[in-house]
Amino acid sequence: VDGVAALVAAWNKVNPLGYDLVTATAAEVIAMNTTEIEVVAAPGADKWICPLFCFGSIDFGSAAFDGSNTDVLFEYSGGTAVSLFAAALAASADAGFSGVATLDVSEVENQSIRVTEGGGNPATGDSTISLGCVYLTLDI
């Protein structure tokens, strides 16, 4: 993980595109509707994160996340949706998901991008997930 963090930091220094990746434990996934998982930190005053592409992967353990709450929702910390991956947590094997971000840019100054389920916490499950976002940071 330290090597990945160093690579991401080096990439972000030389490339106008930002790239952040986090790994969440099963316990964090089960609680993610209550305690969102931050993927991209807030950029500061007069800045806006413009997400271009959101993605994730599930490193399947032995039990799928159970219940009706299995969506993965990338959103701004103010609640504006960025990307929704319906039923992504219901995977019963290693799986990936990705998509172009959809944007409503109202009221997004200095907001982080986080992941939640959007409706409730998954009931059970033991897999870890990696979550990432490619983005630009723009002055507003």
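What percentage of the 140 residues in the chain is buried? Buried residues make up 39% of them, where buried means under 20% relative accessible area, exposed means over 50%, and partly exposed lies in between (1.4 Å probe, protein chains only).

The legends below describe a predicted model, in which local features need pLDDT of at least 70 and side-chain atom pairs count only at pLDDT 80 or more, while totals for chains, interfaces and linings use all residues. Residues are numbered from 1 along each chain as its sequence is written, and side-chain values use heavy atoms, with hydrogens and water left out.

**View 1. The whole chain contains two helices and eight strands.** Helices (H or I, at least four residues) and strands (E, at least two) are DSSP runs, numbered from the N terminus. Read from the N terminus, the order of the elements is α-β-α-β-β-β-β-β-β-β. The radius of gyration, taken over C-alpha atoms, is compared with a globule rule of 2.2 Å times the number of residues to the power 0.38. The chain has a radius of gyration of 15 Å, close to the 14 Å given by that rule for 140 residues, so it is as compact as a globular protein of that length. The C-alpha trace spans about 45 × 35 × 20 Å along its principal axes. A contact means heavy atoms within 4.5 Å. Among contacts between residues at least 6 apart in sequence, 81% join residues at least 24 apart. The chain exposes about 6,900 Å², of which carbon and sulfur atoms supply 56%; accessible areas come from the Shrake-Rupley method with a 1.4 Å probe, and for residues only the protein chains shown count as cover.

**View 2. Confidence varies among the elements of the chain.** The predictor's confidence in each residue is given by pLDDT, from 0 to 100. The chain has a mean pLDDT of 86, and 91% of its residues reach 70 or more. Among the elements, helix H1 (residues 2-14) has the lowest mean pLDDT, 69, and S2 has the highest, 96. Where pLDDT is low, the predicted coordinates should not be read in detail.

**View 3. One open sheet is built from four strands in the order S1-S8-S3-S6.** Two strands pair if DSSP finds at least two bridges between them. The pairing in this sheet is antiparallel. Its edge strands are S1 (18-24) and S6 (95-100), each of which pairs on one side only. From one strand to the next, the twist averages 20 degrees; axes are lines fitted to C-alpha atoms, for helices over the stretch in contact, and angles run from 0 to 180 degrees between N-to-C directions. Twelve bridges link strand S3 (residues 47-59) and strand S8 (residues 128-139) in the antiparallel sense. Within this pair, Pro51 stands opposite Tyr135 in S8.

**View 4. Another open sheet of four strands has the order S2-S7-S4-S5.** Its pairing is antiparallel, and its edge strands, S2 (37-40) and S5 (81-85), each pair on one side only. The twist averages 25 degrees from one strand to the next. Strand S4 (residues 72-76) is joined to S5 by four bridges, and S4 is also joined to S7 by four bridges. Leu73 has Leu84 as its bridge partner in S5 and Thr116 as its bridge partner in S7. S2 and S7 pair over three bridges, with Val40 partnered by Ile113 in S7.

**View 5. Strand S7 (residues 113-116) carries buried residues that point in two directions.** Ile113 and Val115 point one way, whereas Arg114 and Thr116 point the other way. In a regular strand the side chains alternate between the two faces of the sheet.

**View 6. Ser112 lies in the loop between S6 and S7.** With a relative accessibility of 7%, Ser112 counts as buried. Residues up to four places away in sequence aside, Ser112 touches Glu38, Val40, Ala41, Ala42, Ile49, Glu75, Tyr76 and Ser77. The C-alpha atoms of Ser112 and Pro43 are separated by 7.2 Å, although these residues are 69 residues apart along the chain.

**View 7. Asp46 and Ala87 each have a positive phi.** Asp46, in the loop between S2 and S3, has a phi near 65 degrees. Asp46 is partly exposed, with a relative accessible area of 45%. Ala87, in the loop between S5 and S6, has a phi of about 60 degrees although it is not a glycine. Ala87 counts as partly exposed at 40% relative accessibility.
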